[in-house]
Amino acid sequence: MDPRKNPYTPNAGARPPVLVGRQDELDAFEILLDRLRAGRSEQSMIITGLRGVGKTVLLSEFRASAIDRNWLVIEVEIAKHDNEQFRNILAREVRKTLFAIAPRTKWVGNLKRAARVLKSFTVTVDPQGTLTANLGVEPLEGEADSGALDADLTDVLVALGEAAAQHNQGVVLLLDEIQFLTRLQLEALIAAIHKTVQRQLPITLTAAGLPQLAELAGEAKSYAERLFRFPAIGKLSDSDARQALIEPAYASGVRFSDAALNTATDFTDGYPYFLQEFGQASWNLSEGPEINAADARMAKTEVEEKLDSGFFKVRHDRTTELELAYLRAMAELGPEPHLAGAVAELLGRTSRQCGPIRSKLIEKGLLYTPEHGLAAFTVPQFDRYLIRTIPALTVPDVRLR
Ligand SMILES: Nc1ncnc2c1ncn2[C@@H]1O[C@H](COP(=O)(O)OP(=O)(O)OP(=O)(O)O)[C@@H](O)[C@H]1O
Ligand SMILES: [Mg+2]
């Protein structure tokens, strides 16, 4: 069928034609904003999930919902920033938000104070003052200028929250990929939000990242668990997965045969990104108006090849020989989380010897630790890919300390 009319969206962060299975999170977000706006407190959310399950898409929905409710949105995709870069990025965003609350000519009271606090916040990282050149205010000495990120960020977010409150507005920070925050940065954000919650200010933080986050944040601040819920999103239920394929096609008068749907759910296991790839391939391969069993079989082969040379391959290419052997050993044990000791044993080594490899894989975002001692793949079906492409488990003849 005509690829121009293909409705599927196998792209990072691309809004799917039908967003299924995420109503609970969408409702929770709306309740969060409405409660905060009314001066009530509510736990915010840190969404966790594997690669390609729809975290970025969900944050985009949150953004749209916040804008609908007249909230101001600060959106940041976190990368491995040092503290200076982190301060700069936040300062840039807060600056933009101050201008969005009111034009500079109207800055009085809390808004002017927030601008001064922001200016203080940047003095250490931006001595020339380029970031804050046109704020037209002097730094507020003693606020946000201590050099300690947690204290300074708290000053900034409290000041911003007070400014927003005075103008009957709210600010939501939406941060993606927050597993890349350093512990200090995460702690600083949590500390700042802890304070804005105590002050009942209309400002909140909703974030998304890989699953090791819940553990990271929990370690970072014991009260993080009371400030945030950590909803995990993952594969879609069987009926939701079917709906994600059926509905977009139905809108164009195209339907899937039952056999084709069975192949799809079997192959994708309900993972959103794989479903979009499958939908796209089967549409393009089919003569229509029915996507039948033969189309689905061809789509499966095509998608598998595409994933093997793209989605999986880019991750594979980022590993060293030893790291790859470690992953391959994990794959041998199956898709579920595995004890460090079990993987090491398969490699004929001790977990201590393998420790640095495992840490590196976690740092690279290929593995995460759902619980102490356990590690699992952050990429769905990575185990199957490894077994497909590296049929025999071999242990590199490299001496480890
Ligand atoms: N609820 C959903 N129903 C159907 N498709 C979805 C859904 N959510 C996301 N998708 C599709 O899944 C793919 C991945 O979405 P997204 O980029 O948001 O995932 P992610 O969790 O942010 O992945 P990553 O960890 O790699 O950043 C996209 O192609 C998107 O269109
Ligand atoms: Mg994403």
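Is Thr 265 buried or exposed? In this predicted model, Thr 265 is buried, because its relative accessible area is 11% and the limit for a buried residue is under 20%.

**Surroundings of Thr 265**

Thr 265 belongs to helix 10, which spans residues 258-268. Its side chain reaches the backbone oxygen of Asn 262 at 3.2 Å. When neighbours within four places in sequence are left aside, Thr 265 is in contact with Asp 238, Ala 241, Arg 242 and Gly 270.

**The sheet**

Five strands make up an open sheet with parallel pairing, and their order is 2-3-4-1-5. Strand 2 (71-77) and strand 5 (228-229) are the edge strands, each of which pairs on one side only. Three of the pairings are set out below.

| Strand pair | Bridges | Sense | Residues opposite each other |
|---|---|---|---|
| Strand 3 and strand 4 | Five | Parallel | Val 172 and Thr 204 |
| Strand 1 and strand 4 | Three | Parallel | Ile 46 and Ala 207 |
| Strand 1 and strand 5 | Two | Parallel | Ser 44 and Phe 228 |

In the pairing of strand 3 with strand 4, strand 3 covers residues 170-176 and strand 4 covers residues 203-209.

Strand 1 is largely enclosed by the rest of the structure, because five of its five residues are buried. Both of its faces are covered: Ser 44, Ile 46 and Thr 48 are buried on one side, and Met 45 and Ile 47 are buried on the other. Two of these residues also appear in the table: Ser 44 stands opposite Phe 228 of strand 5, and Ile 46 has Ala 207 of strand 4 as its bridge partner.

**Helices on the sheet**

Helix 2 (residues 55-68) lies across strand 1 (44-48), strand 2, strand 3 and strand 4, and runs at about 170° to strand 3. Helix 6 (residues 183-198) also packs on the sheet, where it touches strand 3, strand 4 and strand 5. The direction of helix 6 makes about 145° with that of strand 4.

**The largest pocket**

The largest pocket holds about 620 Å³ of space. It is lined by 29 residues, of which Ala 12, Gly 13, Gly 52, Val 53 and Gly 54 are the closest to its centre. Helix 2, helix 11 (272-285) and helix 13 (311-316) are the elements that give two or more residues to this lining. Helix 11 provides the largest share, with four residues. Helix 2 thus has a place in two parts of this account: it lies across four strands of the sheet, and it contributes to the lining of the largest pocket.

Definitions and conventions: Residues numbered from 1 in each chain as written. Chains lettered and ligands numbered in written order. Predicted model: local features only at pLDDT ≥ 70, side-chain atom pairs only at ≥ 80, totals over all residues. Heavy atoms only, no water. Pairing = 2+ DSSP bridges. Contact = heavy atoms within 4.5 Å. Axes fitted to C-alpha atoms, helices over the stretch in contact; angles between N-to-C directions. Buried < 20%, exposed > 50% of the residue type's maximum accessible area, 1.4 Å probe, protein only. Polar contact = N/O pair within 3.5 Å; in protein donor to acceptor, adjacent residues only side chain to side chain. 1 Å grid on protein atoms, 1.4 Å probe; cavity = no way out; pocket = protein on both sides within 12 Å on 5 of 7 lines; lining within 4 Å. Points joined across faces, edges and corners; volume = space filled by probe spheres on them.
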